[in-house]
Amino acid sequence: MPHPLLHQKDIDTFQRDGVVLIKGLFAGHVDTIRAGIEANMAAPGPYAAENLKDGEQGRFFDDYCNWQRIPEFERVIRDSPAAEVAADLMGSDTAQLFHDHVLVKEPGTSKPTPWHSDGPYYFVQGRQNVSFWAPVDPVREASLRCVAGSHLWEKPVLPTRWLAETSFYPNEDDYMAVPDPDADGMDIREFEMEPGDAVAFNYNVLHGARGNDAAARRRAFSLRMVGDDARYVERPGPTSPPFPGHGMTAGDRLREDWFPVIYAR
C-alpha cells in the first residue's frame, strides 16, 4: 500500500505526466525548513548563487548540497515522509538522497526561473527519480511550472547557464533546444500551494517558475531523490552539482556514504 498521503491515482499521474501535487508532504516540518533556509542564507555554501543581472530588481538566491552542515535540513530529510513517498512514486524499493536545494525569490523579483530540465546537469542516469519542490510561503503568483509528459521526450533539453545563457556542455547536437512552452501551447501544470505542500516531478521534466511580483517572499526547499536503478554516468563536462572527488566510475551505484539511503522497504 502507498503512503497515506498518496492515492494510486497520484502514482499513476506521476508516472504518466511526470508531475503531481502532494498536499501536506512537509506539514509539521515547515518551521524547521524555514529555520534551515535562514541559516543557509546567513551562511551560504560554496555553490550559492545570486541569479540576477546588474540592474534587475529584487533578489533570487539559490544554494544546494547543504544538508550535512545545516541540521534542520537533515532533520526534515530523515523525519518527514518524503523518502517513503518518493519510493512509492518512483516504484522503487529504496529512496536515496541525491541533494537538497534552496530557492528564494524576494518580493519584487520579476525575473522568472528559465525553462530547463535538471537531468542533463546531473551525473545520474535512471528512470527512477523524483524532485520535491516545497514552498514555505503561500504560493499564488511565483509558482513552479512543469510541462506534463516532457520527461518522456526522445531528446533531453539543452542545459544552459542561467545568467550567461550559454550551453553547459560542448556538444549541443545531443540535446534539443529549450522550447517556449507558452508559445507552443504545451500542457503546463502549476498549482496554488500552501506551506507544507510539495510538487513532485521527474527531474527530466521541463520546468521553470514565475517571477515574484507579490509583496511576500517565496522561499522554496527542494529535495532530489533517486531509486533502485540510479547509476553514475559520465557527462561531457563538469556537472551541477559537481561533487568533486566522488571517485565513482560509469555504471556505479551512488556511494551511500555521500548519498545515503533514507528509506528502504
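Here a trainee and a mentor talk through how features of this predicted model get their labels.

Trainee: Let's start with E106. Where is it, and why is it called buried?

Mentor: E106 is in the loop between strand 4 (94-105) and strand 5 (113-116). Its relative accessibility is 17%, and buried means under 20%, so E106 counts as buried.

Trainee: What is E106 in contact with, leaving aside neighbours within four places in sequence?

Mentor: E106 is in contact with M41, R59, N212 and R217. For each of them, that means heavy atoms within 4.5 Å.

Trainee: What makes D197 and K23 a salt bridge?

Mentor: The closest N and O atoms of D197 and K23 are 2.7 Å apart. The cut-off is a Lys or Arg side-chain nitrogen within 4 Å of an Asp or Glu carboxyl oxygen, so the pair qualifies as a salt bridge.

Trainee: And why say that this pair ties together separate parts of the chain?

Mentor: Look at the loops. D197 lies between strand 9 (188-189) and strand 10 (198-201), while K23 lies between strand 1 (19-22) and helix 2 (30-42), so the parts they tie together are 174 residues apart in sequence.

Trainee: Are D197 and K23 buried or partly exposed?

Mentor: D197 has 4% relative accessibility and counts as buried. K23 has 48%; partly exposed runs between 20% and 50%, so K23 goes in that class.

Trainee: What about R78 and E74: how far apart are they in helix 3, and how do you know that they form a salt bridge?

Mentor: Their side chains meet at 2.9 Å, N to O, and the limit is 4 Å, so salt bridge is the right label. In helix 3 (residues 71-79) the two are four residues apart, which means about one helical turn between them. An α-helix has 3.6 residues a turn, so residues three or four places apart point the same way. R78, at 42%, is partly exposed, and E74, at 27%, is partly exposed too.

Trainee: Which parts of the chain does the R219 and D137 pair link?

Mentor: First the bridge itself: the side chains of R219 and D137 meet at 2.6 Å, N to O. R219 is in strand 12 (residues 218-226) and D137 is in the loop between strand 7 (129-135) and strand 8 (144-147), 82 residues apart. R219 has a relative accessible area of 11% and is buried; D137, at 9%, is buried as well.

Trainee: What makes a network out of E38, E106, D137, R217 and R219?

Mentor: Shared partners: salt bridges with partners in common join these residues into one network. Over the whole structure, the search finds 22 salt bridges.

Trainee: On to helix 1. Why are its buried residues said to be on the same side?

Mentor: The buried residues of helix 1 (residues 8-17) are D10, I11, T13, F14 and D17. They cover an arc of only 160° around the axis, which puts them on the same side of the helix. Among the elements covering them are strand 1, helix 4 and strand 7. Helix 1 is followed by G18, with a positive phi near 80°.

Trainee: Which strands are called the edges of the sheet ordered 5-11-8-9, and why?

Mentor: That open sheet has four strands with antiparallel pairing. Strand 5 and strand 9 are the edge strands, as each pairs on one side only.

Trainee: How do you know that strand 5 and strand 11 pair?

Mentor: They share two bridges, in the antiparallel sense, and pairing needs at least two, so they make the cut. T113, for instance, has A209 in strand 11 as its bridge partner.

Trainee: G208 is in strand 11 too; why is it called buried?

Mentor: G208 has a relative accessible area of 1%, and the cut-off is under 20%, so the label buried applies. Among the residues G208 touches are T113, P114 and W115.

Trainee: Last one: which helix gives the most to the largest nonpolar core?

Mentor: Helix 4 (residues 82-90), with seven residues. That core has 39 residues, and F26, L89 and L223 are among those with the most contacts inside it. L223 touches F26, I77 and A82, among others.

Definitions and conventions:
Residues are numbered from 1 along each chain as its sequence is written. This is a predicted model: local features need pLDDT of at least 70, side-chain atom pairs count only at pLDDT 80 or more; totals for chains, interfaces and linings use all residues. Side-chain values use heavy atoms; hydrogens and water are left out. A nonpolar core is a set of buried Ala, Val, Leu, Ile, Met, Phe, Trp, Tyr and Cys residues joined through side-chain atoms within 4.5 Å. Buried means under 20% relative accessible area, exposed over 50%, partly exposed in between (1.4 Å probe, protein chains only). The arc is that of the directions from the helix axis to the C-beta atoms.
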